[in-house]
Structure formats: structure tokens, C-alpha cells
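Got the viewer open? Let's take a walk through this one together, picking a spot, looking around, and moving on.

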Amino acid sequence: MSKAVLEFKDVSFQYQETDKSIDLLDSLHFRVFDGEFISIIGASGSGKSTLFRLITGLEQPVSGSIHINGEQRPNRLGSVGYMPQQDLLMPWRTIYENAVLPLEIKGVSKQDAHQQVVKGLKEFGLSGYEQNYPSDLSGGMKQRVSFLRAVLSGSNILLLDEPFSALDAMTKLSMQEWLLAQWEKRGQTILFITHDVNEALFLSDRIFILTERPVKQLKEAVVPMNRPRTLSGLHAPEVTKMKEQLIEQLRERISL
Ligand SMILES: Nc1ncnc2c1ncn2[C@@H]1O[C@H](COP(=O)(O)OP(=O)(O)OP(=O)(O)O)[C@@H](O)[C@H]1O
Ligand SMILES: [Mg+2]
């Protein structure tokens, strides 16, 4: 078995609402292994984005600990590549200036940063757009810039929060195939939040499902498909069965 790159050990999290504390996670324990592709699904408000904010250290647990690459640190933002739920490209910065941001923050020399960004933009099909602004780009292109920014953090763990939710079906499909190709090439570990069960099945090794509140345990499904994946693989009987089970689990949560 490969090593755990991310581990939650008995993590509890609460937030304040007017005068009371509300429990969102209760002694949650899970592990993600090196090179895995994990999708996280669950009803709106079930705590998916909060898991990511805890991993980055933007929120802190009330008890328990979070280990990244075997280490426990209060500030974990530099240890992971994070693509938040809203596209956070800065409208006043060019595509080049947006992409270079994580390298600026890390204090990488201008020359070195330039090389990495130019190479990244080329690989991500964005050459020629260096001097454009985010408003000049299509949704899919903006997602690629945002994803490149997470990759340039240099981390072995990428957290992608609903990266493709705003895209039309065809663009989404080509982005999914592109993401799988990038993942296979780079060998990073990906945690991917989505509301789309088909997307989770097509991309992931395992799917985590948030079904209760507070979250005490993640339900887990191991996707029964070999790689490389094809769309027709989604129609295999064991995959359709899993899809039905996942939808059922999400429905149970909604009817609580
Ligand atoms: N710091 C906080 N202050 C107030 N409420 C919070 C805080 N953190 C989380 N919450 C609440 O916890 C719940 C879970 O939020 P979260 O954003 O993690 O949900 P989600 O599963 O990502 O939902 P969606 O699918 O809509 O993005 C929400 O009800 C949210 O309002
Ligand atoms: Mg969310």
C-alpha cells in the first residue's frame, strides 16, 4: 500500500451561528494515499468546501489533527495546491500575472517564475493569452488558468472545489479528459468536489460521500473501472449499479 499523503485524525469542527455552536464534523477520520484521485460528493451545505478549508488551514479544527505528507502544521496553505469554489482570478491582472501569483508568494526569482509560467501556459493550451485579462477568456480557459495556478504551487496534493460546475456538457467532458491526462502525467494526488455523480465515477479511484450531519464518517465507494477510462465504461452494469447507490445515498441525506 502506498503512503498516506493526507490524514484526518479525529477531526472535529464547529462554527458559530448567532449564540450557539453548530457541529459540522465530529471525530472524523480518513486517509488519502499517494497518487489517488478522490471525489467528494454530498448535498449542498454538507461540509465539502469546509473539508478543503480545514486542509488548507483557512479554518482550524476544534480538536484532532490534520497531517499532510506526514507533518502536522497550523498553516497548510503552502503545502497544497488549492482551487477554491469561486474562480478567484483577479480581473485586474493579466493571465500571466494571475498564473505567476503562487510563485511570487513563494519568493521564486522572476526569471525562474517566468520560465515555469510560460511552460505551464503552453502545456495548458493558453499560449498567446499571456497579456489578456480573465474577462477575455471562455469559462473553460479560465478554469485552466485557475488549475495551472494550483499546479504551480508545486504541491503533490491538489484540492479542486467544483472546478467544472459552470461549464456546458461538452466543455466539461473535454476538461475532464484533459484533467485525467494531466493527473496521469504528473502523478499528483487529487481531491475533487463535485455534485455530478457521473463526473465522480468517470474520474475517481474512490468517492467519499458526506451523508450525515455532523459528519462522523465518510461513506466510501471504490469505483469498479480500469484505466484508461472511457465514457462507455460508465454504462457497465457494476458502474450503473454504483451510480444508483450513490444517488440513493444523496437522496437519503436530502430527506433528513
Ligand atoms: N466559518 C463558518 N461560519 C459560518 N458557517 C459556516 C462556517 N463554515 C461552514 N459553515 C456552514 O457549514 C455548512 C457547510 O458549508 P460548506 O461550504 O462546507 O458546504 P458545501 O458542502 O461545500 O456546500 P455546497 O455544495 O453548496 O458548496 C454550511 O451550512 C455553512 O454555512
Ligand atoms: Mg462548497
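One term before we start: a residue is called buried when its relative accessible area is under 20%, exposed when over 50%, and partly exposed in between. Keep in mind, too, that this is a predicted model.

**Stop 1: a strand-to-strand bridge**

Select Arg206 and Glu220. They form a salt bridge, with the closest N and O atoms 3.1 Å apart. Arg206 sits in strand β8 (residues 206-210) and Glu220 in strand β9 (residues 219-222), so the bridge ties together parts that are 14 residues apart in sequence. Now put that opening term to work: is Glu220 buried, exposed or partly exposed? With a relative accessible area of 45%, Glu220 is partly exposed, because that value falls between the 20% and 50% limits. Arg206, at 10%, is buried.

**Stop 2: helix to helix**

Next, pick Lys185 and Glu123. Here is another salt bridge, its closest N and O atoms 3.3 Å apart. This pair links distant parts of the chain: Lys185 is in helix α6 and Glu123 in helix α4, 62 residues apart. Lys185 is exposed, at 57% relative accessible area, while Glu123 is partly exposed at 31%. Add Lys119 and Arg186 to your selection, and you have a network of salt bridges linking Lys119, Glu123, Lys185 and Arg186.

**Stop 3: within one helix**

Jump to helix α8 (residues 237-254) and show Glu248 and Arg251, which are 3 residues apart, or about one helical turn. An α-helix has 3.6 residues a turn, so residues three or four places apart point the same way. Glu248 and Arg251 form a salt bridge too, with the closest N and O atoms 3.7 Å apart. Glu248 is partly exposed, at 38% relative accessibility. The count of salt bridges in the model comes to 12.

**Stop 4: the magnesium ion**

Select ligand 2, the magnesium ion. Which residues coordinate the magnesium ion? Look for Ser49, through its OG atom, and Gln85, through OE1, at 2.0 to 2.3 Å. Ser49 lies in helix α1 (residues 48-56) and Gln85 in the loop between β5 and α2, 36 residues away along the chain. Ser49 is buried at 15% relative accessible area, and Gln85 is partly exposed at 37%.

**Stop 5: aromatic rings**

There are 8 aromatic pairs to find. Try Phe124 and Trp178: their ring centres are 4.9 Å apart and their planes meet at 80°, so the pair is edge-to-face. Phe124 is in the loop between α4 and α5, and Trp178 in helix α6, 54 residues apart. Both Phe124 and Trp178 are buried. Then highlight Phe37, Phe164, Trp183 and Phe192, which ring pairs link into a cluster.

**Stop 6: helix α5**

Finish by colouring helix α5, residues 139-152. At 1.5 Å a residue, its 14 residues should span 20 Å, and its end C-alpha atoms are indeed 20 Å apart. How many of its 14 residues are buried? The answer is 12, so to speak mostly covered; among them are Met141, Phe147 and Leu152. Show the neighbours as well: the buried residues of α5 pack against β5 (81-83), α2 (95-99), α3 (101-106), α4 (110-123), β6 (157-161) and α6 (169-186). After α5 comes Gly154, with a positive phi near 80°.

Terms used:
Residues numbered from 1 in each chain as written. Chains lettered and ligands numbered in written order. Predicted model: local features only at pLDDT ≥ 70, side-chain atom pairs only at ≥ 80, totals over all residues. Heavy atoms only, no water. Helix = DSSP H or I, 4+ residues; strand = E, 2+ residues; numbered from the N terminus. Expected span 1.5 Å × (residues − 1). Buried < 20%, exposed > 50% of the residue type's maximum accessible area, 1.4 Å probe, protein only. Contact = heavy atoms within 4.5 Å. Salt bridge = Lys/Arg side-chain N within 4 Å of Asp/Glu carboxyl O. Donors = N, O, S within 2.8 Å, 3.2 Å for Na, K, Ca; no water. Phe/Tyr/Trp six-rings, centres within 6.5 Å; stacked < 30°, edge-to-face > 60°.
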